[in-house]
Amino acid sequence: MSSERGKDLAQGSNEDHQHSSAAATPSRYESQKRRDWNTFGQYLKNQRPPVALSQCNCNHVLDFLRYLDQFGKTKVHLQGCMFYGQPEPPAPCTCPLRQAWGSLDALIGRLRAAYEENGGPPESNPFASGAIRVYLREVRDCQAKARGIPYKKKKKKPSSSKGIDESSSAMHF
């Protein structure tokens, strides 16, 4: 009886160890989401006066995104710069480095998910606000113009039933 129990405990602890080691090594996405969430939380705590997560709104999120710009690595030419609109400028300039639109977009996606995973109600998610979407769209468009490469949303191919029917009917003889 005790050897059976010992055997069960050993197997159980082995299974528990396997589950805990898998849980101990989260995916890259989950790790980044946790880091982003902690960074945002620290940002709110450092505000004067500190802001509780329950009091956070889209303006705090927008301020956070602007704050992050100082750590950006993407050169965004200003309208007065002689390289404005050039995808590959021939020389350096003094235009600021900013966060790339794609990085901000991905960050907001992770924070939006983290907010709800940490108990925030979806209907009051500040990361899902229309103001955030507008800001991201403006950043995207501004950066695209500064690089001279317009952002083109990938459109779904229209299903022209005429062309598809003709080609598919020809194959079904």
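1. In this predicted model, the crossing of helices α3 and α4 is right-handed. The two helices pack with their axes 12 Å apart and at an angle of about 140°, which makes α3 oblique to α4. On the α3 side the contact is made by Val-61, Phe-64, Leu-65 and Leu-68, while α4 contributes Leu-104, Leu-107, Ile-108 and Leu-111.

2. Phe-64 deserves a second look, since it belongs to that contact between α3 and α4. Leaving aside neighbours within four places in sequence, Phe-64 is in contact with Leu-107 and Leu-111, and also with Thr-39, Phe-40 and Tyr-43.

3. It is then useful to turn to the nonpolar core. The largest one has 23 residues, and those with the most contacts inside it are Phe-40, Val-61, Phe-64, Ile-108, Leu-111, Phe-127 and Ile-132. Two or more residues of this core come from each of α2 (28-45), α3 (58-68), α4 and α5. As background, nonpolar side chains tend to be buried together in soluble globular proteins.

4. Where does Asn-125 sit in the chain? Its place is in the loop between α4 (101-117) and α5 (130-147). Although Asn-125 is in a loop, this residue is buried, with a relative accessible area of 5%. Not counting residues up to four places away in sequence, Asn-125 touches Arg-112, Tyr-115 and Glu-116.

5. Glu-117 can be read beside Asn-125, and the student may wish to find both in the structure. Glu-117 lies in helix α4 and is exposed, with a relative accessible area of 52%, whereas Asn-125 is buried. Exposure does not leave Glu-117 without partners, for Glu-30 and Lys-33 are in contact with Glu-117 when its neighbours within four places in sequence are left aside.

6. How many disulfides are there? The count comes to zero, under a rule that asks for two cysteine sulfur atoms within 2.5 Å. For Cys-56, the closest cysteine sulfur is that of Cys-58, at 8.8 Å, so the pair is too far apart for a bond. Cys-95 is likewise in no disulfide, and here the nearest cysteine sulfur, that of Cys-81, is 3.6 Å away. Both distances should be read against the 2.5 Å cut-off.

7. A last remark concerns how accessible these cysteines are. Cys-56 counts as buried at 9% relative accessibility, and Cys-95 is buried too, with a relative accessible area of 8%; in each case the value falls under the 20% limit for buried residues.

Conventions
Residues numbered from 1 in each chain as written. Predicted model: local features only at pLDDT ≥ 70, side-chain atom pairs only at ≥ 80, totals over all residues. Heavy atoms only, no water. Helix = DSSP H or I, 4+ residues; strand = E, 2+ residues; numbered from the N terminus. Buried < 20%, exposed > 50% of the residue type's maximum accessible area, 1.4 Å probe, protein only. Contact = heavy atoms within 4.5 Å. Core = buried A, V, L, I, M, F, W, Y, C linked by side-chain atoms within 4.5 Å. Axes fitted to C-alpha atoms, helices over the stretch in contact; angles between N-to-C directions. Parallel < 35°, antiparallel > 145°, perpendicular 65-115°, else oblique. Left-handed = near helix turned anticlockwise from the far one by under 90°.
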